[in-house]
Amino acid sequence: MTPQAALQRGLGELALALPAGASEKLLAYLDLLAKWNKTYNLTAIRDPLQAVSLHLLDSLAVLRELPDHVGCLADVGSGGGLPGIPIAIAEPGRRVTL
């Protein structure tokens with residue numbers, strides 16, 4: 001299974017619809033995380049499929065618990081940008097501060 005397929009499957013299981021282009025941005029973010037992880041050890045997760053599940057989908061799972069798609073969100077001590085960056089990509093109308 002590809003990371004793209006794993007992401008789409010997981011989004012379906014979470015019943016989440018993302019804005020156009022968000023899936024590609026999320027996967028590009030994972031690529032950057034993997035690249036910089038080699039230098040700064042941002043995460044112990046190295047497998048791309050695990051990263052989809054344990055980083056992207058776990059981060060996005062909180063969306064249904066947040067009020068509407070607007071408002072502010074602070075992600076304190078996010079390290080590699082999780083969950084703030086995936087949330088910001090999924091909800092571009094929400095102000096997310098890391």
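How many Å should the 19 residues of helix α2 span at 1.5 Å a residue, and how far apart are its end C-alpha atoms?

## Helix α2: length and buried face

In this predicted model, helix α2 runs over residues 22-40, and at 1.5 Å a residue its 19 residues should span 27 Å, which agrees with the 26 Å that separates its end C-alpha atoms. The buried residues of this helix are A22, S23, L26, L27, Y29, L30, L33 and N37. Seen down the axis of α2, these buried residues fall within an arc of 150 degrees, so they line one face of the helix.

The face of α2 turned away from that buried side carries the exposed residues K25, D31, K38 and T39. On the buried side, the packing partners are α1 (3-14), α3 (48-60) and α4 (84-90). Just after the helix, N41 takes a positive phi of about 50 degrees.

## Helix α1: length and buried face

The same check can be applied to α1, whose twelve residues should span 16 Å at 1.5 Å a residue, and whose end C-alpha atoms are indeed 16 Å apart. Its buried residues include A6, L7, G10, L11 and L14. Around the helix axis they cover an arc of only 130 degrees, which puts them on the same side of α1.

R9, G12 and E13 are exposed, and they sit on the face of α1 turned away from its buried side. The buried residues of α1 are covered by elements that include α2 and α3, while α2 for its part has α1 among the helices against which its own buried residues pack. Just after α1, A15 takes a positive phi of about 55 degrees.

## How α1 and α3 pack

The axes of α1 and α3 lie 10 Å apart, and the two helices pack at an angle of about 30 degrees. Angles under 35 degrees count as roughly parallel, and α1 and α3 are therefore roughly parallel to each other. The crossing in which α1 passes α3 is right-handed.

On the α1 side of this contact are P3, A6, L7, G10, L11 and L14, which meet P48, L49, V52, L56, L57 and L60 in α3. Of the α1 residues in this contact, A6, L7, G10, L11 and L14 are also buried, and α3 is included in what covers the buried residues of α1. Helix α3 likewise packs against the buried residues of α2.

Conventions:
Residues are numbered from 1 along each chain as its sequence is written. This is a predicted model: local features need pLDDT of at least 70, side-chain atom pairs count only at pLDDT 80 or more; totals for chains, interfaces and linings use all residues. Side-chain values use heavy atoms; hydrogens and water are left out. Helices (H or I, at least four residues) and strands (E, at least two) are DSSP runs, numbered from the N terminus. The expected span of a helix is 1.5 Å times one less than its number of residues. Buried means under 20% relative accessible area, exposed over 50%, partly exposed in between (1.4 Å probe, protein chains only). The arc is that of the directions from the helix axis to the C-beta atoms. Contact means heavy atoms within 4.5 Å. Axes are lines fitted to C-alpha atoms, for helices over the stretch in contact, and angles run from 0 to 180 degrees between N-to-C directions. Angles under 35 degrees count as roughly parallel, over 145 as roughly antiparallel, 65 to 115 as roughly perpendicular and the rest as oblique. A crossing is left-handed if the near helix is turned anticlockwise from the far one by less than a right angle, and right-handed if clockwise.
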